[in-house]
Amino acid sequence: MAPYLVRRFVATLVALGGALTIVFVVVRIVPGDPALLMVGPEGTRQDVMALRQRLGLDRPVADQYVRYLLAAARLDFGESLRLEEPAVQAVLQRVPATAQLALSATVLAVLVSFPLGILAALRHRSLVDHGVSVISLLGQSVPNFWLGIMLIVVFARTLRVLPSAGIGGVSHLILPSTTLAFLLVGVLTRLVRSGLLEVVCEDYIRSAYAKGLATVSVLTRHALPNVVIPIVTVLGLQLGQLLAGAVIVETVFAWPGVGRLLVDAISTRDYPVVQVVVLIITATFALVNLVVDLSYAYLDPRIRYL
Amino acid sequence: MPNGRDRDQIGGMTRRQFLRGTAVLAGAASGLLGMPRRVDSSPAPSGTLTVSLPARIVGLDPLGPQAAEEPVRVVSAHIFDTLVAHDPLARRYLPALAVKWETPQPTTWVFTLRSDVRFHDGTPLTSRDVKASLERMIASRGPLAPLWATVEAVEAPTPTAVRIRTRSPLGTMLANLSLLAILPADRMAQPGFFDRPIGSGPFRVVSYRPDSELVLEANPAYWGPAPGVRRLRFPDIPEVAARVTALVTGEIDLTYGLPPDQVASLRSTPGVRLAATPSYRYYFVWMNFKRKPFQDRQVRQAMIYALDVDTMLTTLMKGIGRRMLAPIPSTVFGFAPQRPYPYDPRKAKQLLAQAGFPDGFATSMIWNPDSGPQDRELAQALFSYWNAVGIRVKDEQAERAQWLSRLLKLEWDLDFQTNGVLTGDADFVLRRLYTTQAHRMGYANPKLDRILAQAAETLDQNARKVLYADACAILWDDAVGIYPCELIQTYAVRTRVRGFVPTPNFPVFTRVTV
């Protein structure tokens, strides 16, 4: 196991370096100048030049890159150009909000999609099955900014049972996490359904039924454990989708998370913040998928890591 | 310290608030805290006002790179004080931290400060803090720093005297000072200061969570009249639909910057009223003098005659914009009304023919989709009116960062955007945009340059007004730009909010009660 972890750790470092380099270059290739945006259309050329100099943006990109790497090695990822605080601090401040949203959406999606998927598989080609298919299709195709606004209109404006925006208690979490979960529900329900449909034709399921087990036992003891691995894999990969969705959901629901920070940082060309967000997202992605890979051994005892 | 301002405030309050006034309690409390006893008959602040601003509060530094952003200016006007206060409705500058000022020489200003002002942590505010704040503003190289380009030195000869020396006379000194927040000199450079900054204003910061909420509370030791509410909350709600919902359900008390369709729906919403005011923001179109055929005044005028501005405003702006009569909005100091160009497509075609374009010409227009309310609709209307007289305009909409860099490099034919007169003074727009040296649309007129330079260096405000009237006429007759509309700012307010007076620059909530 140890050599495996070391290999994964090295690979993660390489991925982080690669992501950092790409984003460093790309944000600077995109037209637009942070100093110009800060000074605004009222500023003069001299104002912009002076600000560029103060921010160190007047140096060649290669020079900036080397300086950035040297500083990054000391865990100094620079000051946000716009927020006047260390970029890492700005991002970490907003990580808990996004994590809370992503986690609750994932839990909600799992809680909803497993029963739906099982129901659809057990009642294969029935009305229920078709109904579930429609739900999962909607989940994958309804744009979440639209869904979010509709939920606000219905539950906050018309029924007045939930707050429309902002962060606070559990009631604030319901609408944004439902919006975000909807996408996942679509993907997961399909997976559970098709996985089960594949498995139920296997010999060992027939044997389980033959030895007199109830449907519930067959499902929980024999069928589901064999469906779980692809689902866990997809859950790990869906993290990217989840974070992309969070960008929109956070804006619609005024959720003070990383997604909104990233969008603002991109439109104001706040290079250090964009770089840190991408780094943290890459690291999270790598970590989650490492956990996913390690969990295989637990879910399927035949799997060993060398 | 009873003064004229305090008495003015009493007139604006209800009898109940007056009776509820707990001046005795406030006096006793400040006595216990060892602070100078305040003789003040204003009622104790009570209740919470919740305001959602149209853009997010990026930070609480009123001297830094975000100093010009409206949300920053709104909240800092409550947390910090300035030497002079701008009354945008009366277009006057009133004493605030400075009780009086004089100009012994045209290039020297001496301000006398109040001696009873304390920051929120109890330390006194002195001339040293004023000096440090102005120097920080200049060093920030931020968007407001150029206002102070002619400052040579800031001196603090005594704790209550500030001397500002300039290289040439600065006619906008008071306008500039009304934007300069005073911060504690020895603490503002400390790391983390702006997480919970200390000012001397009517409200102090309770908590600030970026992208989420800023909470202020009334400053019990404020030197001026006590604010009307005890708490002032600024929750951040970026999505318009969510913001309007929060207003309708009563989660927030006040918001603004809404599109016309939302304003229309709120007009009939129970519990909500609308308050509108002409603002400092306006729409304009520039024509690039460095590109053909815009050097020709006939072409530029034809572009204006081709537009049915009144119809555009009634159908698209629906009460959030009104016709402009000068290159600056009517709310601004220096505004002088001109004769509007009528809608006359025949004359437009005739002028084009005289200029050598009987069949019109092809050109392009840059703009960015975050420039203002109904910008897309207005841009489409412009295209179709111009098309009707043979001017075929290619739509070159670009994201703000790209639009801005093209704009400043003069890589465009036509430019469509909004602009705000931050200081409320014509100098801010005219001298910074239209001089030969500014080189923003390539217009070069030595006569205009002279007038604007002279106006900037004149201390007599009436003389300045005359000079700006000349400048407005030159820009208007020369058709340097097209000025269709100044924006009306509409505030949507819950009816429980009392005493809110909309002003053209940005909203202030110190007088508001709930």
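Which ring does the charged end of Arg432(B) sit over? Select Arg432(B) and Phe428(B): the charged end of Arg432(B) sits over the ring of Phe428(B), 5.3 Å from its centre. A charge counts as over a ring if NZ of Lys or CZ of Arg is within 6 Å of the ring centre and within 35 degrees of the ring normal.

This is a predicted model, in which local features need pLDDT of at least 70 and side-chain atom pairs count only at pLDDT 80 or more, while totals for chains, interfaces and linings use all residues. Residues are numbered from 1 along each chain as its sequence is written, chains are lettered from A and ligands numbered from 1 in the order in which they are written, and side-chain values use heavy atoms, with hydrogens and water left out.

**Stop 1: chain A**

Show chain A alone. Its secondary structure comes to 13 helices and zero strands. Helices (H or I, at least four residues) and strands (E, at least two) are DSSP runs, numbered from the N terminus. The C-alpha trace of chain A spans about 85 × 60 × 30 Å along its principal axes. Of its 306 residues, 46% count as buried; buried means under 20% relative accessible area, exposed over 50%, and partly exposed in between (1.4 Å probe, protein chains only). Among contacts (heavy atoms within 4.5 Å) in chain A between residues at least 6 apart in sequence, 74% join residues at least 24 apart.

Select Arg28(A) and Phe24(A) next. Arg28(A) lies over the face of Phe24(A), at 3.6 Å from the ring centre.

**Stop 2: Leu51(A)**

Go to helix 3 (residues 45-55) of chain A, where Leu51(A) is found. Leu51(A) counts as buried, at 0% relative accessibility. Not counting residues up to four places away in sequence, Leu51(A) touches Ala35(A), Met38(A), Val39(A), Ser140(B) and Arg141(B). Measure from Leu51(A) to Met38(A) in the viewer: they are 13 residues apart in sequence and 8.7 Å apart in space, C-alpha to C-alpha.

**Stop 3: where the chains meet**

Show both chains. In this interface, 50 residues of chain B are in contact with 41 residues of chain A. The size of an interface is often given as the accessible area lost when the parts come together. Here the buried area (accessible area, 1.4 Å probe, that two parts lose on being put together, summed over both) is about 3800 Å², of which carbon and sulfur atoms give 52%.

How many salt bridges are there between chain B and chain A? The count is five, where a salt bridge is a side-chain nitrogen of Lys or Arg within 4 Å of a carboxyl oxygen of Asp or Glu. To see a salt bridge, select Arg56(B) and Asp264(A), whose side chains meet at 2.6 Å, N to O.

Eight residue pairs across the interface are in polar contact, both residues at pLDDT 80 or more. A polar contact is a pair of N or O atoms within 3.5 Å; within protein, one must be able to donate a hydrogen and the other to accept it, and residues adjacent in sequence count only if both atoms are side-chain atoms.

On the side of chain B that touches chain A, the elements giving two or more residues include helix 5 (127-139), helix 7 (240-248) and helix 13 (400-408). Helix 13 of chain B gives the largest share, eight residues.

**Stop 4: helix 13 of chain B**

Colour the buried residues of this helix: Ala401(B), Trp403(B), Leu404(B), Ser405(B), Leu407(B) and Leu408(B). They pack against helix 2 (34-39), helix 3 and helix 12 (258-267) of chain A, together with strand 12, strand 14 (361-367) and strand 16 of chain B. Just after helix 13, Leu410(B) takes a positive phi of about 60°.

**Stop 5: Asn176(B)**

Asn176(B) lies in helix 6 (residues 173-177) of chain B and is buried, with a relative accessible area of 1%. Its side chain reaches the backbone oxygen of Leu147(B) at 3.0 Å. Among the residues that Asn176(B) touches, not counting those up to four places away in sequence, are Trp148(B), Leu170(B) and Thr423(B).

**Stop 6: aromatic pairs**

The structure holds 23 aromatic pairs over all chains. Tyr256(B) and Tyr491(B) have ring centres 4.8 Å apart and planes at 45°, so the pair is tilted. Rings of Phe, Tyr and Trp (its six-membered ring) pair if their centres lie within 6.5 Å; planes under 30 degrees apart count as stacked, over 60 as edge-to-face and the rest as tilted. Tyr256(B) and Tyr491(B) are 235 residues apart, and both are buried. Add Phe234(B), Phe500(B) and Phe509(B) to the selection to see one aromatic cluster with Tyr256(B) and Tyr491(B).
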